[in-house]
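Colleague: Please take a close look at one part of this model, the aromatic pairing and the packing around it. Keep the sentences short.

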Amino acid sequence: MRSSLPFVAFALACAAFPALAQKPSGSLGNLPPAVQPPPPQRYAPQMALPRNKPPPLGRQQAAPQPRGPAPGQMAALPRDKPPPLGAAMPRIPGGPTPGRQGPRDVSSGTGFVVAPRQIMTNNHVAQGCTAMIARSSSGQEIAATVIAVDAQRDLALLRTEADAGPILPFRRTAEVRRGENVVTYGFPLAGLLSSGPTLTTGDVSALAGLADNPRQIQISAPVQQGNSGGPLLDLHGHVVGVIVSKLNAQRIAQATGDIPQNVNFAVKHTEAVDFMREHGVQPQLEDPATAPLRTAAEIGEVAHASTVFLRCLR
């Protein structure tokens, strides 16, 4: 009996070993076998790396614009209006509008300073001008605006954006005598003669103008086209007239067969003074008795600083 019990115990122990090898107990049963690799079907397959260069950032939001048209196709016209030519350049006051053809010079004349920033000239010098430019004795170009005209007297007043020079005084007394020496100062035949002012001398020939016009006087001092609007001065340096016209020698010669010489006209200084007062401009008056007599050259120096070259633009 005693010898059989150990044998039975040994047999029961051997029968239990296969069960322990097939079914491990505890948490160790969740671990995969250490010797076997993981099955490939249990993992997601990896994506192949792109061979081409990746697109730039933002490609999905906005597609790049083509650099040029395809062969055989015309480039698309721009939809936006291009900037005007010269838009980047500053515009000059009184000058032409950028992108448009500006006014051009069509005529010229003479004027002289009669009050602060006030210039007198002839009505026919300023008539029809879309803009006027006054060039002072220093060479400064100054924009001028017509503020008053008188077609009967053929006078005009201009206002300038800056001072153009000192004021030329008018003779206080109304009397002008025949044979009195006078001096003209102006810019005749601009572009043909001297670009600077021209001085001529002469006398008062008659106390009335063409067809006995009482607003004018006749003078022998030579004047040409471009002298219009310039001052006529006595030998004291006082204004006694405004140059206005000359006799058409060719027409007179055709009618009479004789060529007239040195027949020119100026608006009387009394008419110019009245015209200024009618438009609220106070003239500067001086008495000849208080001023010394000067030579024509000295009168030219006085007139030079106050006389301007006028350009009419249309």
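Modeller: Rings of Phe, Tyr and Trp (its six-membered ring) pair if their centres lie within 6.5 Å; planes under 30 degrees apart are stacked, over 60 edge-to-face, the rest tilted. The model is predicted, so local features need pLDDT of at least 70 and side-chain atom pairs pLDDT 80 or more, while totals for chains, interfaces and linings use all residues. Numbering starts from 1 along each chain as its sequence is written, and side-chain values use heavy atoms, without hydrogens or water.

Two aromatic pairs turn up in a search of the whole structure. Take Phe 112 and Phe 170: their ring centres are 6.2 Å apart and their planes meet at 50°, so this pair is tilted. The two partners come from distant parts of the chain. Phe 112 sits in strand S1, and Phe 170 in strand S6 (residues 170–171). They are 58 residues apart. Helices (H or I, at least four residues) and strands (E, at least two) are DSSP runs numbered from the N terminus. Both Phe 112 and Phe 170 are buried, meaning under 20% relative accessible area (exposed is over 50%, partly exposed in between; 1.4 Å probe, protein chains only).

Now widen the view to the core. A nonpolar core joins buried Ala, Val, Leu, Ile, Met, Phe, Trp, Tyr and Cys residues through side-chain atoms within 4.5 Å. The largest one has 27 residues. Phe 112 and Phe 170 are among those with the most contacts inside this core, together with Met 120 and Leu 157. Several elements supply at least two core residues each. The strands are S1, S5 (155–160), S7 (181–186), S11 and S12 (264–268). The helices are H4 (269–278) and H5 (296–304). H4 gives the most to this core, with four residues. Another core lies apart from this one. That second core has 16 residues, among them Val 113, Val 125, Met 132 and Ala 164.

Next, Leu 157. Contact means heavy atoms within 4.5 Å. Neighbours within four places in sequence are left aside in what follows. Leu 157 then contacts Val 114, Ile 119 and Met 120, among others. Its partners also include Thr 145, Val 146, Ile 147 and Ala 148. Further along the chain, Leu 157 touches Phe 275, Met 276, His 279 and Val 281.

Just before S5 comes a detail of the backbone. Asp 154 lies in the loop between strand S4 (141–150) and S5. Most residues other than glycine have a negative phi. Asp 154, not a glycine, has a positive phi of about 60°. Asp 154 is also buried, at 17% relative accessible area.

H4 deserves its own look. In this helix, His 269, Glu 271, Ala 272, Val 273, Phe 275 and Met 276 are buried. Val 273 belongs to H4, and its relative accessible area is 7%. Here is the link back to the aromatic pair: Val 273 is in contact with Phe 170, again leaving aside neighbours within four places. The other contacts of Val 273 on that basis are Pro 283 and Leu 285. Val 273 and Pro 283 are 10 residues apart in sequence. Their C-alpha atoms lie 6.4 Å apart. Just after H4, Gly 280 takes a positive phi of about 75°.

Upstream of S12 there is another backbone exception. Asn 262 is placed in the loop between helix H3 (249–256) and S12. Its phi is near 55°, a positive value in a residue other than glycine. Asn 262 counts as partly exposed, at 43% relative accessibility, whereas Asp 154 is buried.

One more loop residue is worth a check. Ala 208 lies between strand S8 (198–206) and strand S9 (216–219). At 18% relative accessibility, Ala 208 counts as buried. Beyond its neighbours within four places, Ala 208 contacts Asn 213, Gln 216, Ile 217 and Gln 218. The C-alpha atoms of Ala 208 and Ala 266 are separated by 9.4 Å. Those two are 58 residues apart along the chain.

Finally, the whole chain as background. It has five helices and 14 strands. Buried residues make up 34% of its 314 residues. Among contacts between residues at least 6 apart in sequence, 68% join residues at least 24 apart. The pair of Phe 112 and Phe 170, 58 residues apart, links distant parts of the chain.
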